[in-house]
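Welcome! Please take a moment to look over the sequence and the 3D view below, and then we will walk through them together.

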Amino acid sequence: MQNKVIANEEINLQKVEKAEKIILGLQKDLKNYIENGSGPFLAAVYDDNGNLIAKTANSVINETCSNNHAEMNVIKATEKALGAYDLSGYNLSLYVTAEPCMMCLGGIMWSGIKEVYYSVPSKKVEEITGFDEGFKPDWFNEFKNRGIVVYGLIAEEEGERVLKDYVNSGYTVYQPERE
């Protein structure tokens, strides 16, 4: 277990150990998703009994839709699986291979997800891929104020390796052109 994990609550080692196991699994699985045309991010939603509800990758390129980030896709898949647009009554946790971008933070907040666990922080995602993660003022505390628990920097080094491999393999890193 890495000891640089951050959280917006007192760190619970059981949560960290569970999250690390799940995120390392996502990072391993992500390689197969990438080979099949997905982008370099993977997310999963679990219920409080540890049951996987949904797992999806970033599909912006292969589905030609800029909204299809892994987090947005997994929220849609979870809502479909549970037949609900309000997930707040299900006590769900989202695990993702990188810190959510500005768009995904909004989607997570409005979905009713209770806990978020991520690996690579936005600053590193931007350094490695060049993708603009967006303006995210004090989101960690804003989520806390809304009752959403966040843990970050889980298995960060492994996640960075996956992103570097993606970029070094010549896969597309999308973002709108700006002048």
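## The overall layout

In this predicted model, the protein is built from 6 helices and 6 strands. If you follow the sequence from its start, these elements come in the order β-α-β-β-α-β-α-β-α-α-β-α. The radius of gyration is 15 Å, close to the 16 Å that the globule rule gives for 179 residues, so the protein is as compact as a globular protein of that length.

To picture the dimensions, imagine a box of roughly 40 × 40 × 35 Å along the principal axes, which the C-alpha atoms fill.

## Inside and outside

How much of the protein is buried? Of its 179 residues, 49% are buried. On the outside, the protein exposes about 9300 Å², and 48% of that area is supplied by carbon and sulfur atoms.

The contacts tell us how the chain comes together. Taking the contacts between residues at least 6 apart in sequence, 66% join residues at least 24 apart.

## Strand β5 and its partners

Now let us turn to strand β5, which covers residues 115-120. Is this strand enclosed or open to the outside? A residue counts as buried when its relative accessible area is under 20%. For β5, 6 of the 6 residues are buried, so the strand is largely enclosed by the rest of the structure.

Which strands does β5 pair with? One is β4 (residues 93-98), which runs parallel to β5 and is joined to it by 5 bridges. Within this pairing, Tyr95 stands opposite Tyr117 in β5. Another partner is β6 (residues 149-152), also parallel to β5, with 3 bridges joining the two; here Glu115 stands opposite Val149 in β6.

There is a helix to add to this picture as well. Together with helix α3 (residues 102-111), the strands β4 and β5 make a right-handed β-α-β unit.

## A closer look at His69

Where would you look for His69? This residue is found in the loop between β3 (52-57) and α2 (70-82). With a relative accessible area of 8%, His69 is buried, because the cut-off for that label is under 20%.

Which residues is His69 in contact with, once its neighbours within four places in sequence are left aside? They are Asn58, Val60, Cys101, Met103, Cys104, Phe131 and Tyr174. You can try finding each of them in the 3D view, starting from His69 in its loop between β3 and α2.

Terms used:
Residues are numbered from 1 along each chain as its sequence is written. This is a predicted model: local features need pLDDT of at least 70, side-chain atom pairs count only at pLDDT 80 or more; totals for chains, interfaces and linings use all residues. Side-chain values use heavy atoms; hydrogens and water are left out. Buried means under 20% relative accessible area, exposed over 50%, partly exposed in between (1.4 Å probe, protein chains only). Helices (H or I, at least four residues) and strands (E, at least two) are DSSP runs, numbered from the N terminus. Two strands pair if DSSP finds at least two bridges between them. A crossover is right-handed if, with the strands pointing away from the viewer, the path from the first strand over the helix to the second runs clockwise. Contact means heavy atoms within 4.5 Å. The radius of gyration is taken over C-alpha atoms; the globule rule is 2.2 Å times the number of residues to the power 0.38. Accessible areas come from the Shrake-Rupley method with a 1.4 Å probe; for residues, only the protein chains shown count as cover.
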